[in-house]
Amino acid sequence: MKPLIKCDSLVKIYKTKDLEVMALQGLDLEIEKGELMAIVGKSGSGKSTLLKILGGLERASAGKVMFEDVCLNELSEKELSAFRSERIGFVWQKSTDNLLQYLTAAQNVAMPLAFSGVSEKERNERAHLLLDMVGLSDRYNSYPFMLSGGEQQRVAIAIALAKNPDILLMDEPTGAVDGKTSERLQELFRKLNEEQGITIIIVTHDVRLADNVDRMVMISDGKISTERLLDGEYAVLDKAGRVRLSKELREAVGITSSRVKLEFDNGKLIIEPE
Ligand code: ADP
Ligand code: MG
């Protein structure tokens, strides 16, 4: 099956007056329709940059992003903005980036539909349906300041889903809530993924999220290093056949030099410290 998203050697360079930062350094990644996955990495590893490029909020400096048959690099500003509004749902860490403070939960969720030719009655019905879906049936008329951090993130998810996007992109969605609330939100991600079939990508520095997703990919220095699927940990090969071993993996087996010993054993390749 063709992936929903395919990133090919993505490079992103931010230029400021006296400095160039290479936030993505030739990143390859494929995402299937219906996946619930996490992209995990330390602060500064390029997570937010990647998410913004996937959602058409930023453009890559080099490399290619395919979204089904659409090549995001080739879209005009106007086309990119339409693509974003029709196909992408974003959830950010900070509530104030997600919600309008002077609107109720239901009004917030109905807002994205305001200019889409849907009648007010239908907008309200859809808002209520989505708030039900995220577990806020009793909060339709609450303003953001009346809601807990976890509830505000649930509203944010309902807003992101209002226009029925192809994918939900979440940047540290549990970053501002306590551990217990984080777990309950993770249960919601899983429920939405399983029951509604929504493709969900979460970027986070919190490895604990990894237990509640189907696939976790590690990002470091703007590149995908390893992947963890349900059956174990995988290293990722780039097109030239290069493997990266993360610092954690190297430390775990005591690799300290710039060479490793390769051994072949019954169709297996064993990598050992020199
Ligand atoms: P993460 O989300 O994993 O913390 P980011 O994608 O935000 O990482 O940032 C990756 C790198 O790019 C960092 O070194 C960061 O300082 C830099 N960076 C991100 N956004 C900008 C920007 N708008 N201008 C300059 N540098 C940026
Ligand atoms: Mg970030």
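Two strands are said to pair here if DSSP finds at least two bridges between them, and strands themselves are DSSP runs of at least two residues, numbered from the N terminus. With that in hand, the reader can begin at the start of the chain of this predicted model, where strand β1, residues 5-16, pairs with β2 in the antiparallel sense over 10 bridges. The connection between β1 and β2 is a hairpin that passes through 2 residues, and one position along this pairing can be picked out by finding K12, which stands opposite L24 in β2.

The hairpin belongs to a wider arrangement, for β2, β1, β4 and β5 form an open sheet of 4 strands, in the order β2-β1-β4-β5, with antiparallel pairing. Because β2 and β5 (70-71) stand at the edges with a single partner strand each, one side of each is left without a neighbour in the sheet. Further into the sheet, β1 is joined to β4 by 5 bridges, the two strands running antiparallel, and here K6 stands opposite M66 in β4.

Strand β2 also leads to the ligand, since β2 (19-31) and α1 (47-54) are the elements that give two or more residues to the shell around ligand 1. The residues that surround ligand 1 are Y14, V21, A23, K42, S43, G44, S45, G46, K47, S48 and T49. Of the elements, α1 supplies the largest share of this shell, with 3 residues, and when the shell is sorted by class it has 3 nonpolar, 6 polar and 2 charged residues. Several backbone atoms approach oxygen atoms of the ligand: a backbone N or O atom of G44 lies 2.7 Å from an oxygen atom of ligand 1, a backbone N or O atom of G46 lies 3.1 Å from one, and a polar backbone atom of S45 is 3.2 Å from one. Taken alone, ligand 1 exposes 560 Å², and the protein buries 63% of that area.

The aromatic residues offer another route through the model, in which 3 aromatic pairs are counted. In one of them, F67 and F83, the ring centres are 5.0 Å apart and the planes stand at 80 degrees, so the pair is edge-to-face, given that planes over 60 degrees apart count as such. F67 lies in strand β4 (residues 62-67) and F83 in helix α2 (residues 77-87), so this pair ties together parts that are 16 residues apart in sequence. Both F67 and F83 are buried. Another aromatic pair, F90 with W92, is stacked, with 5.1 Å from centre to centre and 10 degrees between the planes, and both of its members, F90 and W92, are buried as well.

Further along, S95 has its place in helix α3, residues 95-98. This serine has a relative accessible area of 16% and is therefore buried, the cut-off being under 20%. Its side chain is joined to that of Q152 by a polar contact of 2.5 Å.

A second set of pairings is centred, for this account, on strand β7. All of its residues are buried, 5 of the 5 in the run 167-171, so β7 is largely enclosed by the rest of the structure. The cover extends to both faces, with I167, L169 and D171 buried on one side and L168 and M170 buried on the other. One partner of β7 is strand β6, residues 88-91, which pairs with it in the parallel sense over 4 bridges, and G89 stands opposite L168 in β7. Strand β8, residues 199-204, is joined to β7 by 5 bridges and also runs parallel to it, with T199 in β8 as the bridge partner of I167.

The loops on either side of β7 each hold a residue other than glycine with a positive phi. N164, in the loop between α6 (149-161) and β7, has phi near 55 degrees, while E172, in the loop between β7 and α7 (179-196), has phi near 50 degrees. Are these residues buried or exposed? N164 has a relative accessible area of 62% and is therefore exposed, whereas E172, at 11% relative accessibility, counts as buried.

Notes. Residues are numbered from 1 along each chain as its sequence is written. Chains are lettered from A and ligands numbered from 1 in the order in which they are written. This is a predicted model: local features need pLDDT of at least 70, side-chain atom pairs count only at pLDDT 80 or more; totals for chains, interfaces and linings use all residues. Side-chain values use heavy atoms; hydrogens and water are left out. A residue is near a molecule or strand if one of its heavy atoms lies within 4 Å of it. A polar contact is a pair of N or O atoms within 3.5 Å; within protein, one must be able to donate a hydrogen and the other to accept it, and residues adjacent in sequence count only if both atoms are side-chain atoms. Accessible areas come from the Shrake-Rupley method with a 1.4 Å probe; for residues, only the protein chains shown count as cover. Ala, Val, Leu, Ile, Met, Phe, Trp, Tyr, Cys and Pro count as nonpolar, Asp, Glu, Lys and Arg as charged, and the others, Gly among them, as polar. Rings of Phe, Tyr and Trp (its six-membered ring) pair if their centres lie within 6.5 Å; planes under 30 degrees apart count as stacked, over 60 as edge-to-face and the rest as tilted. Buried means under 20% relative accessible area, exposed over 50%, partly exposed in between (1.4 Å probe, protein chains only).
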